[in-house]
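Q: Hey, I've got this one open on my screen and I'm not sure where to look. Can we go through it together?
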Amino acid sequence: MSAATIRPAEPEATAEPFYQAAAKIYPREVQGRFASSRRLTVIALLGLFYGVAWIQVRGQQALLFDLPARKFHIFGLTLWPQDFVYMALLMIIAALSLFFFTALAGRVFCGYACPQTVWTELFIWIEQWTEGPRARRIKLDQGPWTADKILRKGAKQILWIALAGYTGFTFVGYFTPIRSIGTELLDGSLGPWAMFWIALYSLATYGNAGFLREQVCKYMCPYARFQSAMFDKDTLIISYDPERGEPRGARRRGTEPRAQGLGDCIDCTLCVQACPTGIDIRKGLQYECIACAACIDACDEVMDHMGSPRGLIRYTTEHAMHGRTTHMVRPRLFVYGFLLLLAASAIVVSLMLRVPLLLDVIRDRNALYREVRGDQIENSYTIKVINEDEMPHRYRLEAAGLSGLVLVDPAGPIEAAAGSVSNVSVRLQAPEDVAQGVHVITLRLTALDAPKLVKSEKTRFIGPMS
Ligand code: SF4
Ligand code: SF4
């Protein structure tokens with residue numbers, strides 16, 4: 001067979017398109033216990049985010065991750081690069097809390113506290129306020145561009161952009177003092193990098209909360225993918241009760257469904273309309289479900305209206321759904337809880353014992369020792385005093401470990417401003433007859449105004465070798 005006769009197989013013609021645009025979701029506004037809790041949580045979290053950046057403690061922004069200065073200010077506590085262990089512990093605590101609460105109560109973080117949920121909720125409130133309830137929003141999108149539509153859409157966009165801009169500004173304000181960037185923004189002297197980061201975070205907020213919404217949860221969030229690994233049959237989930245709901249079908253209000261061969265579900269689809277991720281919980285637990293409980297509120301309202309008991313969709317567990325006992329206390333919760341307690345105790349104890357003072361001793365590399373005044377041996381050092389405290393201090397330096405050891409320089413106390421690094425020259429002298437050889441000595445720094453602020457460091461005092 002000649003090469004010319006070999007042809008690659010023609011791809012099979014297919015009617016299925018390779019790409020399907022995501023259908024826009026218009027979540028229906030719901031009222032109820034869980035909607036109220038979510039609203040309160042959203043308001044509290046947003047209040048914290050927008051408010052904490054403006055709180056000052058002792059003239060310093062209370063929460064500031066000052067990356068250029070490599071210092072994190074956390075409510076009066078300043079963490080330096082040497083304190084990285086605290087940041088690592090905080091991350092471990094955050095991860096363990098996520099594991100613990102996911103095993104206990106499913107995706108409560110997704111439904112109530114995730115930034116994507118919180119800002120999407122806020123953007124949807126603006127959307128509802130400017131464009132109206134679900135049905136009117138759908139009609140508005142399908143209708144022609146009238147003056148009313150331009151006005152409503154324009155108002156929504158202006159509010160979204162303003163909110164996204166202020167969110168970007170606040171976010172950057174946790175890394176650069178917010179008052180200074182606020183002033184610079186107002187007088188037009190804000191630097192290009194600050195402008196860039198504010199614009200980037202504003203754009204991220206606008207895009208994620210305004211447009212991507214549930215697609216972030218469905219396609220971008222890794223937690224949605226692996227959270228099922230933390231689930232077991234005793235984890236709290238939101239579930240539709242098919243035993244009670246099926247067969248679903250319309251019926252008159254107040255009538256007995258069983259007499260008509262029906263279950264309690266009237267197939268009104270309000271639970272689907274309320275779902276911010278656009279899923280039908282009646283098809284079973286799906287990874288897209290962020291456990292926001294909007295479907296519970298929607299269905300409870302329907303059940304109230306129909307005169308049926310609430311809870312057709314409810315918080316439950318797989319065991320409870322199958323008539324078995326739910327075990328809230330179980331081994332994996334013990335393991336997560338124990339590790340969480342351990343990490344939390346470790347950080348609390350180490351923060352309580354932390355001394356915000358560092359002392360580093362460097363020996364003079366030019367001379368091992370010097371003979372002075374005939375019978376004295378002198379060693380020189382440079383000490384680095386790092387005052388990690390948010391207050392200035394005066395320190396007394398002492399040297400011990402060798403009889404007759406005298407601190408010649410510095411003669412008086414060492415002064416160190418708040419959050420400063422000072423290099424201080426130190427000279428020690430000892431009688432020649434006791435200074436022979438190498439001696440381990442201790443330099444000790446004590447704050448005169450806070451005697452508990454003490455740091456010691458060992459070093460060597462070298463004399464002539466006999
Ligand atoms: S809201 Fe309740 S009654 Fe209505 S479709 Fe959903 S499950 Fe059925
Ligand atoms: S199924 Fe219910 S709980 Fe899950 S995301 Fe949709 S509305 Fe929220």
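Q: What do strand 15 and strand 16 form?
A: They form a hairpin, with six residues between the two strands. Keep in mind that this is a predicted model.

Q: OK, and how many bridges join strand 15 to strand 16?
A: Nine bridges. Strand 15 covers residues 438-447 and strand 16 covers residues 454-462, and the two run antiparallel.

Q: Can you give me one to find on screen? Which residue is the bridge partner of H439?
A: Look for F461, in strand 16.

Q: In what order do the strands of that open sheet come?
A: The order is 13-11-15-16, so to speak reading across four strands, and the pairing is antiparallel.

Q: Which ones are the edge strands?
A: Strand 13 (414-416) and strand 16, each of which pairs on one side only.

Q: And by how much are neighbouring strands turned against each other?
A: On average by 30°, if you ignore direction.

Q: What about the other end, how many bridges join strand 11 to strand 13?
A: Three bridges there. Strand 11 spans residues 393-400 and runs antiparallel to strand 13. One pair to click on is R394 with its bridge partner E415, which is in strand 13.

Q: Switching to the ligands. How many residues surround ligand 2?
A: 13 residues do, and the closest are C275, C289, C292, A293 and C295.

Q: What classes are in that shell around ligand 2?
A: 12 nonpolar residues and one polar, with no charged residues.

Q: And what kind of space does ligand 2 take?
A: The space it takes is the largest cavity.

Q: Now ligand 1. Which residues surround ligand 1?
A: Among them are Y240, C265, D267, C268, C271, R282 and C299. The shell around ligand 1 divides into nine nonpolar, one polar and two charged residues. The space taken by ligand 1 is the second largest cavity.

Q: New topic: how many aromatic pairs does the structure hold?
A: It holds 21 aromatic pairs.

Q: Let's take F65 and F175. Why is that pair tilted?
A: Their planes are at 40°, so the pair counts as tilted, since stacked needs planes under 30 degrees apart and edge-to-face needs over 60. The ring centres of F65 and F175 are 5.8 Å apart.

Q: Where do F65 and F175 sit in the chain?
A: F65 is in strand 3 (residues 63-66), while F175 is in the loop between helix 6 (147-172) and helix 7 (178-187). The two are 110 residues apart, and the pair links distant parts of the chain.

Methods. Residues numbered from 1 in each chain as written. Chains lettered and ligands numbered in written order. Predicted model: local features only at pLDDT ≥ 70, side-chain atom pairs only at ≥ 80, totals over all residues. Heavy atoms only, no water. Near = heavy atom within 4 Å. 1 Å grid on protein atoms, 1.4 Å probe; cavity = no way out; pocket = protein on both sides within 12 Å on 5 of 7 lines; lining within 4 Å. Sits in = over half its atoms within 2 Å of the grid points. Nonpolar A, V, L, I, M, F, W, Y, C, P; charged D, E, K, R; others polar. Pairing = 2+ DSSP bridges. Axes fitted to C-alpha atoms, helices over the stretch in contact; angles between N-to-C directions. Phe/Tyr/Trp six-rings, centres within 6.5 Å; stacked < 30°, edge-to-face > 60°.
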